[in-house]
Amino acid sequence: MTGNDNNSRPHRPIRSFVRRAGRLTASQQRALDELWPEFGLNFSPKPLDFARLFGREAPVVLEIGFGNGDSLVAQAAASPQTNFLGVEVHDPGIGHCMIKAHDAGISNLRLIAHDAIEVLEEQIPEASLQRINLYFPDPWPKKRHHKRRIVQASFLDLCERLLAPGGAVHIATDWANYAEHIDEVFAADAREASPALTAVMTPEGHDADHVRRVALERFDMSLGTGLGDLKGRLFRIGHLGDFNDLSLVGSLAGVEMALDLAGVPHERGGVEAAMHRLRQSTGGGT
Ligand SMILES: C[S@@+](CC[C@H](N)C(=O)[O-])C[C@H]1O[C@@H](n2cnc3c(N)ncnc32)[C@H](O)[C@@H]1O
């Protein structure tokens with residue numbers, strides 16, 4: 001069976017999920033029985049040895065709450081030089097994911113069926129992850145449930161501890177209120193807050209959310225939503241974490257490409273302007 005075995009702790013913390021008695025299809029059940037030895041890893045509260053787990057040294061990307069695993073399997077197939085670790089608590093999704101991974105002949109993927117927070121706290125070695133992906137976390141829209149949202153100050157602490165130098169957290173959500181919540185959590189953290197914020201206003205008749213979707217789908221790049229009244233017209237490029245000059249210029253180029261692909265007219269030269277400014281601020285001339 002999968003590793004969902006550790007729920008009898010005396011003081012259960014607030015969880016970001018409620019375990020649903022998911023209906024397993026016959027093929028998902030078969031996958032859990034037969035493919036778990038190939039992809040699965042039972043939870044155990046001690047740090048993993050990634051080189052042993054994957055049989056090689058390679059950067060590790062961890063995805064939290066991968067759902068049915070479609071995007072996780074696609075990423076693992078597209079980046080065979082990277083090791084992927086998926087963490088999910090929903091058995092039908094885990095079964096689905098293993099079927100897809102097996103059919104695709106993927107060998108750079110391992111799964112843990114357990115609360116991702118406990119996995120991060122107990123199983124992931126410090127400074128060991130190249131990226132933490134959190135795609136469309138459960139939104140918990142009611143105010144009284146916001147404490148269940150997985151993005152909290154303590155979550156940021158964990159990410160800080162577990163990311164390798166140059167590592168990053170990718171978060172995507174399609175809930176405006178959750179996007180604002182994420183911004184607030186990051187902004188409240190002195191290590192993550194940044195006085196620099198770039199906002200792009202789309203012209204009348206062009207939808208900012210469409211640009212955000214294009215950027216996410218094409219470049220795996222998550223742009224923030226606009227605030228309040230400006231939602232739908234404005235998106236933001238947050239400069240968070242160890243966003244360095246190079247990744248900033250790269251992101252601006254990605255935004256320009258996304259605007260092109262989304263058919264939004266815009267002036268050229270944002271990347272040039274950013275490089276000009278960087279040259280000035282680093283004393284590198286004009
Ligand atoms: C809204 S779904 C999104 C699934 C997938 N990422 C997608 O984009 O389709 C959120 C998923 O996160 C999982 N999840 C929520 N909290 C989790 C936790 N603490 N540990 C592991 N999985 C979690 C849920 O079981 C659910 O499958």
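**Close-up 1. The surroundings of the ligand in this predicted model.** Here we look at the 19 residues around the ligand, of which Phe17, Gly65, Gly67, Ala116 and Phe136 come nearest. Two elements, β3 (83-88) and α6 (116-122), each supply at least two residues of this shell. As for chemical character, the shell residues divide into 11 nonpolar, five polar and three charged.

**Close-up 2. Phe136, one of the residues that come nearest to the ligand.** Let us stay with this residue and turn to its backbone. Phe136 has its place in the loop between β5 (129-135) and α7 (153-162). Its phi is near 55 degrees, a positive value in a residue other than glycine. For context, most residues other than glycine have a negative phi. How many other C-beta atoms lie within 10 Å of Phe136? There are 14, so Phe136 is partly exposed.

**Close-up 3. Leu120 in helix α6 and its partners further along the chain.** Leu120 lies in α6, and this helix also supplies at least two residues of the shell around the ligand. Which residues does Leu120 touch, leaving aside its neighbours within four places in sequence? The contacts are with Leu158 and Leu162. Leu120 and Leu162 are 42 residues apart along the chain, yet their C-alpha atoms are separated by 7.8 Å. Leu120 has 19 C-beta neighbours inside 10 Å, and because a residue is buried only from 20 upward, Leu120 counts as partly exposed.

**Close-up 4. The crossing of helices α9 and α10.** The axes of α9 (residues 208-219) and α10 (residues 245-261) come within 9 Å and cross at roughly 115 degrees. The two helices are therefore roughly perpendicular to each other. The crossing in which α9 passes α10 is right-handed. On the α9 side, the residues that meet α10 are Val211, Val214, Ala215, Arg218 and Phe219; their counterparts in α10 are Gly254, Val255, Ala258, Leu259 and Leu261. The residues of this contact divide into eight nonpolar, one polar and one charged.

**Close-up 5. Asp220, in the loop between α9 and β8 (224-225).** This last view follows the chain from α9 into the loop between α9 and β8, where Asp220 is found. What is the sign of phi at Asp220? Phi is positive, about 55 degrees, although Asp220 is not a glycine. Is Asp220 buried, exposed or partly exposed? With 16 C-beta neighbours inside 10 Å, Asp220 counts as partly exposed.

Key: Residues numbered from 1 in each chain as written. Predicted model: local features only at pLDDT ≥ 70, side-chain atom pairs only at ≥ 80, totals over all residues. Axes fitted to C-alpha atoms, helices over the stretch in contact; angles between N-to-C directions. Helix = DSSP H or I, 4+ residues; strand = E, 2+ residues; numbered from the N terminus. Parallel < 35°, antiparallel > 145°, perpendicular 65-115°, else oblique. Left-handed = near helix turned anticlockwise from the far one by under 90°. Contact = placed C-beta atoms within 7 Å. Nonpolar A, V, L, I, M, F, W, Y, C, P; charged D, E, K, R; others polar. Near = placed C-beta within 6 Å. Buried ≥ 20, exposed ≤ 12 C-beta atoms within 10 Å, placed from the backbone.
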